[in-house]
Amino acid sequence: MRWMWIDKVIAFEPEKRLVAVKNVSLAEEHLHQHFAAEGRLPAAPVMPNSLILEGMAQTAGILVGSVHGFREKVVLAKVASATFERDVTPGETIRYDATIERMDDMGASTVGIVERWSFVDNAWAPVGRIELMFSHLDQNRAGTEFPEENFVFGENFRTLLEGAGLKKFVS
Amino acid sequence: MAKSREDIEADVRDVLVDALGVDEDDVVPTATLKGDLGAESIDYLDIVFRLEKKFSTPEKPFKIAQGELFPENLMTDPTLVENGKVTAKGLALLKEKVPHVALGGFESDPDITKLPTLFTVKSLCDFVERKLKN
């Protein structure tokens, strides 16, 4: 599945909270470049923070979309804040814990905590905190026409939701 | 205890610094949200959410209805805007619904594209002050 940065939804409280995980693997080719060995420096594969942010946007986006049965086109409109305090490396699992802070017809704001599970330490450790704003595209058209079909929550998301037992929330 | 005007101004400044990533020193009463502080469309929703959070107390929630602070619906209603100009009906509605916005010269040249430039830091403080009193 292309551009899916979460592997599974593991907890869901309708209209409140959604938790998803992603297993980071050295088979992901982008890690070979981030960072490749250079001169005397060895390779240092690290999950890019920009992709961690995308994972949180997908987690929080599913949560926001679920409130209206995935009928609204929910798009990421703003990264209100994103702070990272620790790297994530292959062999670790990322946990995205997203909560809706406020929501109305126009959009929603979410707060997300990112943690990693280390099989060396056998413990969750904080990675970062990400605050996002989502817009309901059809409520904010400003004269722009978008396709009727919901291109935000496509087939990939449906597969993911089925695997997590969330299909019943898709209307 | 009721918040003083200084407290309100300080809290509004915090909200704008967080929502727009601007320098505290740039948040002066006359600064416009769009022109001076660089607010874009989603920022207005962000500001509304942050003001609600900042001024809500367990006893008294501070809830801003859609269009109460920023008159979004004016953009689409054809009886309120004609050929890019806000109609007399639209101006009357603005005065009634958003009294915190000083219309000034806008009444003689009510170009809809200039509407966002009317929102200043002072407008937000006036809005909050009036709403907290009610």
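Helices here are DSSP runs of H or I with at least four residues, numbered from the N terminus. With that in mind, the tour can begin at residue Ala88 of chain B, in a model that is predicted.

**Stop 1: Ala88 in chain B**

Select Ala88(B), which is found in helix H3 of chain B, a helix made of residues 88-97. Ala88(B) counts as exposed, because it has 11 C-beta neighbours inside 10 Å and the limit for an exposed residue is 12 or fewer. Now add Pro110(B) to the selection: although Ala88(B) and Pro110(B) are 22 residues apart along the chain, their C-alpha atoms are separated by 9.3 Å.

**Stop 2: the loop at Asn83 in chain B**

Move next to Asn83(B), which lies in the loop between strand S1 (81-82) and strand S2 (85-86) of chain B. Asn83(B) has a positive phi of about 50°, although it is not a glycine. Most residues other than glycine have a negative phi. Is Asn83(B) buried or exposed? Asn83(B) counts as exposed, since it has 6 C-beta neighbours inside 10 Å.

**Stop 3: the two domains of chain B**

Colour chain B by its domain assignment, which gives domain 1 as 1-67 + 119-134 and domain 2 as 71-118. The C-alpha centres of domain 1 of chain B and domain 2 of chain B lie 21 Å apart. Where these two domains meet, the contact takes ten residues from domain 1 of chain B and nine residues from domain 2 of chain B. On the side of domain 1 of chain B that touches domain 2 of chain B, two residues are nonpolar, five are polar and three are charged.

**Stop 4: where the chains meet**

Show both chains together and look at the contact between them, to which chain B gives seven residues and chain A gives twelve residues. The side of chain B that touches chain A has three nonpolar, two polar and two charged residues.

**Stop 5: the sheet of chain A**

Hide chain B and turn to chain A, where six strands form an open sheet in the order S1-S2-S4-S5-S6-S3, with antiparallel pairing. Strand S1 (8-13) and strand S3 (74-84) of chain A stand at the edges with a single partner strand each, so one side of each is left without a neighbour in the sheet. Neighbouring strands of this sheet are turned by 20° against each other on average, direction ignored.

Start at S1(A), which is joined to S2(A) by five bridges, the two strands running antiparallel. To see one pairing in this stretch, select Val9(A), whose bridge partner in S2(A) is Ala20(A).

Continue to the other partner of S2: strand S2 (residues 17-23) of chain A is joined by seven bridges to strand S4 (residues 93-103) of chain A, and these strands run antiparallel. Select Arg17(A) to find its bridge partner Thr99(A) in S4(A), and then Lys22(A), whose bridge partner in S4(A) is Ile94(A).

**Stop 6: the hairpin at Glu15**

Go back to the loop between S1 and S2 of chain A, where Glu15(A) is found. The hairpin of S1(A) and S2(A) has three residues between the strands. What is the phi of Glu15(A)? Phi of Glu15(A) is near 70°, a positive value in a residue other than glycine. Glu15(A) counts as exposed, because it has 11 C-beta neighbours inside 10 Å.

**Stop 7: Ala125 in strand S6**

Select Ala125(A), which is found in strand S6 (residues 123-136) of chain A. Ala125(A) is partly exposed, with 13 other C-beta atoms within 10 Å. Leaving aside residues up to four places away in sequence, Ala125(A) touches Arg86(A), Glu115(A), Arg116(A) and Ser118(A). Ala125(A) and Met103(A) are 22 residues apart in sequence, and from C-alpha to C-alpha they are 29 Å apart in space.

**Stop 8: around helix H2 of chain A**

Find Phe35(A) in the loop between helix H1 (30-33) and H2 of chain A. The peptide bond from His34(A) to Phe35(A) is cis, with omega near 15°. Most peptide bonds are trans.

Follow the chain to helix H2 (residues 49-67) of chain A, whose 19 residues should span 27 Å at 1.5 Å a residue; the end C-alpha atoms are 27 Å apart, which agrees. Of the 19 residues of H2(A), 14 are buried, so H2(A) is largely enclosed by the rest of the structure. The tour ends at Gly69(A), which comes just after H2(A) and takes a positive phi of about 60°.

Note on methods: Residues numbered from 1 in each chain as written. Chains lettered and ligands numbered in written order. Predicted model: local features only at pLDDT ≥ 70, side-chain atom pairs only at ≥ 80, totals over all residues. Domains from an automatic or database assignment. Nonpolar A, V, L, I, M, F, W, Y, C, P; charged D, E, K, R; others polar. Expected span 1.5 Å × (residues − 1). Buried ≥ 20, exposed ≤ 12 C-beta atoms within 10 Å, placed from the backbone. Pairing = 2+ DSSP bridges. Axes fitted to C-alpha atoms, helices over the stretch in contact; angles between N-to-C directions.
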